[in-house]
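Biologist: I'm new to this one, so could you walk me through a single part of it up close? Here is what I have on screen.

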Amino acid sequence: MKKITALVILSLLILSCQKTETKAVTETSTITETTEQEPTKPEETEVWEPKPPTVTPGKNNAAPSDAMVLFNGENLDEWITAKDSTAAKWLLNKDGSITVNRGTGDIQTKQNFGSVQLHIEWKSPSEIKNEGQHRGNSGVFLQKRYEVQVLDNNDNETYSNGQVASIYKQSIPLAKASVPTGEWNTYDIIFHAPEFDAEGNKTKSATITVLHNGILVQDNYELKGTTEYIGWPKNVAHGDGPIVLQDHDSDVSYRNIWVRKL
Ligand code: MG
């Protein structure tokens with residue numbers, strides 16, 4: 001009898017152990033399925049595909065191999081007068097730059113663009129004239145609506161949200177990074193276009209990052225809408241649009257303009 005009892009107890013113990021083991025295995029496999037194990041070899045965290053395209057950089061800020069050149073000093077073939085679509089009438093200089101031809105109006109690219117990386121260089125007139133917003137004012141507009149301000153701000157105060165490298169009347173730049181008046185500045189702009197639904201409602205705001213002479217001045221700023229001189233930003237649905245350079249009655253010059261579509 002004692003033997004039988006002992007056998008039964010032993011059997012029960014074995015069964016119970018087996019059950020516990022099965023449960024433990026189930027739990028372990030559940031954890032394995034839902035949680036990635038910390039990699040223990042360097043190869044486990046290497047990703048080999050896809051391979052990004054090779055782009056050859058330009059020397060001294062020249063256009064990289066995959067960029068579209070909008071102005072390289074030779075002609076204004078990629079530009080038209082914004083107000084009437086006639087040939088651009090800005091002045092082509094011997095040093096490979098163009099200067100605002102005051103009174104002829106803004107110029108814009110023939111092509112429309114969505115999200116882009118834009119490189120552009122600009123120079124304030126070395127002869128200092130006027131004050132505030134009237135000294136070396138111009139602007140780079142993305143999609144004809146969103147202005148990155150160009151201004152000779154050196155020893156020339158103005159409202160902060162309208163100073164050089166501001167997103168006009170929306171975003172004060174993180175720094176004033178201008179070179180001396182009459183020298184060449186660079187803007188490197190990364191712009192992501194806004195998105196609208198079929199009803200014309202904005203579903204995604206535009207964002208903009210600007211480097212002024214290599215210094216971060218706009219850090220992925222989310223635009224509230226158009227950059228208006230008077231009134232609040234507007235958000236009327238639109239598609240791709242041209243890049244516009246502003247004639248603000250100052251002899252501002254530009255050179256070396258290229259764009260990469262994003
Ligand atoms: Mg302006």
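Among contacts in the chain between residues at least 6 apart in sequence, what percentage join residues at least 24 apart? And once that's clear, please take me to the metal site.

Modeller: Sure thing, and keep in mind that this is a predicted model. The answer to your question is 64%, counting contacts between residues at least 6 apart in sequence. The chain has 262 residues, and 40% of them count as buried. Its secondary structure comes to 1 helix and 15 strands.

Now for the metal site. A magnesium ion sits there, and Asn137 holds on to it through OD1, Ser138 through O, Glu147 through OE, and Gln149 and Gln246 each through OE1. Those coordinating distances run from 2.2 to 2.4 Å. Follow the donors along the chain and you get the spacing N-S-x8-E-x1-Q-x96-Q. As for Asn137 and Ser138, both are buried.

While you're looking around, try the largest pocket too. About 160 Å³ of space lies in there, and 13 residues line it. Nearest its centre are Pro125, Lys129, Asn130, Ser250 and Asp251. Sorted by class, the lining of that pocket has 7 charged, 4 polar and 2 nonpolar residues.

How far can you trust the picture? The mean pLDDT of the chain is 91, with 87% of its residues at 70 or more. Residues 12–31 are another story: their pLDDT is below 50, and beyond near neighbours in sequence that stretch has 0 contacts in the model. Where pLDDT is low, the predicted coordinates shouldn't be read in detail.

Terms used
Residues are numbered from 1 along each chain as its sequence is written. This is a predicted model: local features need pLDDT of at least 70, side-chain atom pairs count only at pLDDT 80 or more; totals for chains, interfaces and linings use all residues. Side-chain values use heavy atoms; hydrogens and water are left out. Donors are N, O and S atoms within 2.8 Å of the metal (3.2 Å for Na, K and Ca); water is not among the atoms, so sites may look incomplete. Buried means under 20% relative accessible area, exposed over 50%, partly exposed in between (1.4 Å probe, protein chains only). pLDDT is the predictor's confidence in each residue, from 0 to 100. Contact means heavy atoms within 4.5 Å. On a 1 Å grid over the protein atoms alone, a cavity is a set of points where a 1.4 Å probe fits but cannot get out, and a pocket is an open set with protein on both sides within 12 Å along at least five of seven lines; lining residues have an atom within 4 Å of a point. Grid points are joined across faces, edges and corners, and a volume is the space filled by probe spheres set on the points. Ala, Val, Leu, Ile, Met, Phe, Trp, Tyr, Cys and Pro count as nonpolar, Asp, Glu, Lys and Arg as charged, and the others, Gly among them, as polar. Helices (H or I, at least four residues) and strands (E, at least two) are DSSP runs, numbered from the N terminus.
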